[in-house]
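User: Please take a close look at one part of this model, the surroundings of the ligand, and then add what can be said about strand and helix packing elsewhere.

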Amino acid sequence: MNDISDSAAALLAHNSAFIPGGVSSINRIIDPPIAFAKAEGAYLWDIDGKRYVDYHAAFAPYLLGHNFAPINEAVINVLRNGESLFGAGPSRLEGHLAQLLCQNIAAVERACLLNTGSEATALAIKLSRAVTGRQHIIVIQGGYNGNHDEVACNVFNTLSEIGPRVSPGEYPLRPIGAGTTVLDQHLVHAINFNDLESVQYVCRRYPIAALITEPVLQNIGVVRPQAGYLAGLRALADEFGFLLIFDEVKTGFRHALGGYSELAAVTPDLVVYGKAIANGFPLAVLGGACRYMDYLAHPEPARRPFVAGTYNGHPVAVSAAIATLEYLLANRTELYPRLEQLGQMIETGMREIFAAHGVPACVARQGSAFTFYLMPETPVDFHDLMLRHDFARDLQLRRALNALGVFFVPVTTKQCSISAAHTRADIEFTLTQCDRAVSRIWAH
Ligand SMILES: Cc1ncc(COP(=O)(O)O)c(C=O)c1O
């Protein structure tokens with residue numbers, strides 16, 4: 001594990017003199033530090049030239065692999081052709097992308113182009129309030145929906161912060177970090193995933209504008225919805241009159257073109273995409289039914305949520321998203337089954353390794369997204385995970401894999417992502433290294 005040289009530490013120290021914490025997004029701090037210099041397809045190289053098979057995918061956008069030529073070429077071409085961010089009037093590119101989305105995804109009748117998932121979830125919530133005239137929202141304990149005040153809470157907590165599992169009921173709000181207003185407003189309600197009774201409990205007490213959830217909780221690994229849960233949310237949204245927002249920032253395009261809602265055959269009122277939509281370029285989309293989305297251009301200004309962004313619809317990101325979508329449309333019948341096969345291969349292989357070493361563990365997976373949990377069965381919600389998972393050994397295993405040239409981000413429970421650039425040989429290498437790492441850790 002000591003073959004991670006300390007030149008990454010030196011770079012972090014250098015950057016810290018100019019950037020608070022040394023990195024531009026605080027969740028990029030990893031211990032021990034690694035600094036990457038190059039990426040291609042399924043591989044990363046650190047500043048010392050060491051190669052890693054990458055399963056982090058920069059927190060999941062790289063569905064087609066790093067520096068995928070068709071996407072890079074589309075971006076280069078668009079800039080060569082004199083496109084720019086004109087900042088006035090409509091652009092052909094934004095119209096083309098929105099049309100592709102509306103024509104290929106059932107949940108998207110209208111699309112609004114933004115830059116980040118956080119902007120898109122913030123707008124989804126604002127739009128829900130404008131539509132319903134209500135203020136309260138429901139979020140899911142252990143779900144992540146972005147960095148803005150109202151949703152940046154109740155993701156990773158200790159059990160002493162939120163107490164024992166409550167059902168039906170809600171958890172005390174626990175913001176991520178300081179400077180938040182979420183505690184002053186009492187408009188956010190955090191409840192369990194896979195718990196329809198708690199939705200009813202909150203809806204009977206407060207006028208709820210929206211429930212926002214990842215359809216598969218992919219910020220605490222891969223916590224899947226139980227049979228009937230998403231359809232149950234749909235039914236409760238219709239019963240209580242709130243808007244159902246699926247945050248498909250991680251699940252969108254990775255699991256199917258229309259995200260997990262397409263696989264589950266449950267149509268949300270609003271849907272948010274980011275990450276894989278532009279294969280690593282910064283673009284996010286808020287989409288949904290016209291009867292809601294058209295509020296964004298409501299003739300009465302007082303009923304129209306404010307949408308403005310200097311970089312919205314930027315040609316670099318939009319051309320990347322168009323190229324990604326066109327690639328997925330042309331290749332989906334081959335690509336998604338291949339990702340599923342690679343996913344199955346790693347799932348089976350890791351299960352066999354854990355079993356062979358007598359480690360009580362399981363592998364949770366949806367297509368190309370997976371994680372391992374050091375507990376006998378996959379968790380159903382945040383408390384289940386907190387009570388049963390071995391966090392210390394999770395981190396040990398990730399660090400050991402890093403040392404052996406496999407990059408599972410060394411942060412406990414984080415999702416791993418396979419890309420279309422991964423090969424069976426990459427998975428075989430990963431399993432060989434996994435076997436070595438597990439035998440070293442559990443030998444002690
Ligand atoms: C499910 C989900 N929603 C929203 C976001 C926020 O997206 P961004 O980091 O682009 O603002 C993330 C980011 O990881 C996410 O995983």
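Analyst: The ligand shell comes first, followed by a strand hairpin and a helix pair. This is a predicted model, in which local features need pLDDT of at least 70 and side-chain atom pairs count only at pLDDT 80 or more, while totals for chains, interfaces and linings use all residues. Residues are numbered from 1 along each chain as its sequence is written.

Around the ligand there are 15 residues, of which Thr-116, Gly-117, Ser-118, Gly-146 and Val-249 come nearest; a residue is near if its C-beta atom, placed from the backbone, lies within 6 Å. Helix H4 (residues 117–132) contributes the most to this shell, with 3 residues. Helices (H or I, at least four residues) and strands (E, at least two) are DSSP runs, numbered from the N terminus. The shell holds 9 polar, 3 nonpolar and 3 charged residues, where Ala, Val, Leu, Ile, Met, Phe, Trp, Tyr, Cys and Pro count as nonpolar, Asp, Glu, Lys and Arg as charged, and the others, Gly among them, as polar.

Turning to the hairpin, strands E11 and E12 have 2 residues between them, and Gly-367 in the turn has a positive phi of about 55°. E12 (residues 369–373) runs antiparallel to E11 and is joined to E11 by 5 bridges; strands pair if DSSP finds at least two bridges between them. Val-363 of the hairpin stands opposite Phe-372 in E12.

As for the helices, the axes of H7 (residues 196–205) and H8 (residues 229–240) come within 10 Å and cross at roughly 15°, with axes being lines fitted to C-alpha atoms, for helices over the stretch in contact, and angles running from 0 to 180 degrees between N-to-C directions.
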